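Hi there,

Here is the structure I promised to pass along. Have a look at it first, and my notes follow underneath.

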Amino acid sequence: RARRGRACTWHEPIAARLGRLTPGVGPAGSDAAAGGGSAPPAGVRLAGRAPRRWAAPRAPPAVVAASKMHVPTESFGGMSPEHKAAQALANLMTFVAVRIIIAQEEGAGNECHDDPGDTPLTRKLKAFAEENPLRDSNEWLAKLMRHEEPALRLAAVRTLEVRKAYANDEFAWADMQTRAINAIEEGNSELMKQYMLASMSIDSDEDVEEMTEGS
């Protein structure tokens with residue numbers, strides 16, 4: 001028993017007799033076993049022992065989905081689809097530049113000619129384009145720059161300037177992207193419609209055949 005006038009401390013046998021705890025088993029079970037004895041009753045705190053703090057459970061790592069489709073490198077000779085599209089657009093810009101130059105020449109100072117669109121430069125430039133189909137714009141222009149006719153060599157240099165200006169200032173890039181996506185979506189819708197109609201037609205024909213055979 002604790003003497004009068006002194007601070008009452010926790011005593012295991014007394015706590016056990018009072019029925020507050022079972023000797024050897026603490027409030028949480030594991031703390032008493034680790035300490036080799038029973039834990040104090042509820043509401044009693046041992047000096048020098050800080051309460052245990054439980055850490056919040058960690059959230060599982062987020063799964064990041066793949067954001068791009070894999071395109072085999074050999075599909076376009078080792079180039080990316082964007083690189084291939086850029087080459088096609090460069091060819092297109094070159095063709096447009098040549099057509100712009102021809103249109104400018106056809107409307108400049110030849111109104112009295114029987115054919116207003118017939119000039120020495122336009123005839124030579126059209127003939128060169130017919131003899132040399134434009135497949136690679138840089139090779140096509142390099143060949144035009146080596147032409148024996150000075151006017152065609154100057155037309156090649158002029159084409160370089162016109163296609164650059166058209167690509168930077170005139171071509172509607174955002175409109176092209178919108179049109180390309182719309183064309184794909186409209187094409188998909190039309191093809192799926194045709195596929196569904198064809199599937200329904202096939203199913204109907206098979207039902208008719210089964211009914212015919214059954215009768």
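Helices and strands here are DSSP runs, with at least four residues for a helix and at least two for a strand, numbered from the N terminus. Please keep in mind that this is a predicted model. On that basis, the protein chain reads α-α-α-α-α-α-α along the sequence, with 7 helices and 0 strands.

Some overall numbers: the protein chain has 215 residues, and 18% of them count as buried. About 17300 Å² of the chain is exposed, with 56% of that area coming from carbon and sulfur atoms. If you take the contacts between residues at least 6 apart in sequence, 44% link residues at least 24 apart.

Now to the inside. The largest nonpolar core holds 14 residues, and Val98, Leu125, Trp140, Leu144 and Leu152 are the ones touching the most other members. Two or more residues of this core come from each of helix H3 (81-106), helix H4 (120-131), H5 and helix H6 (150-170). Leu125 shows how this looks in detail: beyond its neighbours within four places in sequence, Leu125 contacts Val98, Ile101, Ile102, Leu144, Leu152 and Ala155.

The surface has something for you too. Met145, Val157 and Leu160 make up a nonpolar patch there, together offering about 210 Å² of accessible area. Met145 belongs to helix H5, which spans residues 137-145. Why does Met145 count as partly exposed? Its relative accessible area is 32%, and partly exposed covers what lies between under 20% (buried) and over 50% (exposed).

Happy to talk it through whenever suits you.

Best wishes

Note on methods:
Residues numbered from 1 in each chain as written. Predicted model: local features only at pLDDT ≥ 70, side-chain atom pairs only at ≥ 80, totals over all residues. Heavy atoms only, no water. Patch = residues over 30% accessible without salt bridge, like charges linked within 9 Å, V, L, I, M, F, W, Y side chains within 5 Å. Areas by Shrake-Rupley, 256 points an atom, 1.4 Å probe, with all protein chains shown as cover. Salt bridge = Lys/Arg side-chain N within 4 Å of Asp/Glu carboxyl O. Buried < 20%, exposed > 50% of the residue type's maximum accessible area, 1.4 Å probe, protein only. Contact = heavy atoms within 4.5 Å. Core = buried A, V, L, I, M, F, W, Y, C linked by side-chain atoms within 4.5 Å.
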